[in-house]
Amino acid sequence: MNRYFLPKTGWEFFDVSRAYGVGIIVHVLSGDAVVSDMGGFYLIESRRELNFERLDQIHRFLGDDQAWNWTFLTIGSGQREKTKKKVVELLENIEKIRNTLNSLKELKSPVSIGSGKETLYQPMELAATKGIRDEILLKKQYSEGSSVKVSIDDFSMSVLGHINATIRKFSNMGMVFAVPTPTRTRVLHLVDEIKKRIDDSVKGLHRAGWFPSLAQIAINLVLEELRVKEGGKFSPKFGFLIYGVMTKTGTQWKPLTGGIFPLDFLHQIAESNEAKNVLNKWKDIFEWTAFRKGYEDLPTALAEFIANPNLPNYERYIRLHLRNELNKDRIKFGSYEKKVLEEVVNFVGV
């Protein structure tokens, strides 16, 4: 068994994308890799031997121009190309990849943030944005602050993870980007199946806002977990979604907010007798209202209920759902049977 340890730095998006990046490298070299969140560190495992001659297969995971442009959204095209070239050169270098993996065979202290030369850009880690860090607030005179720097090795692994695991949705309101944290996730399932299917099924940022967009991504993610599990394959599990939201002011992208979207309630529903009925109905509500004016209240109430499943939020959502069904001029999502309502309420906090 090959094991690689990545201690967390506290920069959550950076940490999880770096873990997926290392996972992808191990998957390329061995044909299999599992990424797990162990609390204080991420663990990447493979039961197969690593064959470094297979590193040329990394090209399958280098993404298209759009993936790179979104990852380096806040820098110009010239700098973007230079940075991309530097990352690709490292990812294709057998000796450098061998050294990187060798350095991760033992659990050590977290990487030293600030000691490298590569800037951690906003779309890679919103918390690293220099304009929202405490350092600026302590200065007597205005300053844009300093960028967070990391080593080229850590930067390249994080970029590789971003390109393959981060889900991004745009509209004229801004951009939402989210990545699921692995509890025990096979790289092949997330990168080759689940992310691609979510990219196809969630077309863009929901017109009701970024929070319903996150709920829509979360529901699709849990349905994908069920699909892979029913296929008799290794069952992927995710802990929660780490997300960031950016908005555009003039020609510049700025951070808006970020945080964690829980999956616990959806996982409880997924284990119930009515899992498919409930999750598919909620999926339809978000999907069918995503670009329709006048339907913002229903997906917003449903998103708030999913994130915070208490009785007042459940009642508010059900009232809006019923009102929608009684209005002959609106899209119908179907009424709830008594047994379905009772099944859901079993997981609702009072």
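# Chatting about M124, ring pairs and two helices

Visitor: Is M124 buried or exposed?
Guide: M124 counts as buried, because its relative accessibility is 0%. Buried means under 20% relative accessible area, exposed over 50% and partly exposed in between, with a 1.4 Å probe and protein chains only. By the way, this is a predicted model: local features need pLDDT of at least 70, side-chain atom pairs count only at pLDDT 80 or more, and totals for chains, interfaces and linings use all residues. Residues are numbered from 1 along each chain as its sequence is written, and side-chain values use heavy atoms, leaving out hydrogens and water.

Visitor: Okay, where is M124 found?
Guide: M124 sits in the loop between β4 and α5. Helices (H or I, at least four residues) and strands (E, at least two) are DSSP runs, numbered from the N terminus.

Visitor: And what is M124 in contact with?
Guide: Leaving aside neighbours within four places in sequence, M124 touches F13, F14, T71, F72, F155, S158, V159 and H162. Contact means heavy atoms within 4.5 Å. As for G161, its C-alpha atom is 9.7 Å from that of M124, with their positions 37 residues apart along the chain.

Visitor: Switching to rings: how many aromatic pairs are there?
Guide: The structure holds 18 of them. Rings of Phe, Tyr and Trp (its six-membered ring) pair if their centres lie within 6.5 Å; planes under 30 degrees apart are stacked, over 60 edge-to-face and the rest tilted. W70 and F170 make a tilted pair, 4.8 Å centre to centre with 45 degrees between the planes.

Visitor: Which parts does that pair tie together?
Guide: W70 lies in helix α2 (residues 65-71) and F170 in strand β6 (residues 167-171), so the pair joins parts 100 residues apart in sequence. W70 is partly exposed at 24%, and F170 is partly exposed too, at 25%.

Visitor: Why is the pair of Y121 and F155 edge-to-face?
Guide: Because their planes are at 75 degrees, with the ring centres 6.2 Å apart. Y121 is in the loop between β4 (118-119) and α5 (134-137), while F155 is in helix α6 (residues 152-165), 34 residues apart. Y121 counts as buried at 10%, and F155 is buried at 0%.

Visitor: Which rings link into a cluster?
Guide: Ring pairs connect F265, W282, F305, Y314, Y317 and Y336.

Visitor: Last one: which residues of α10 meet α11?
Guide: W282, I285, F286 and T289 in α10 do, against L298, P299, L302, A303, F305 and I306 in α11.
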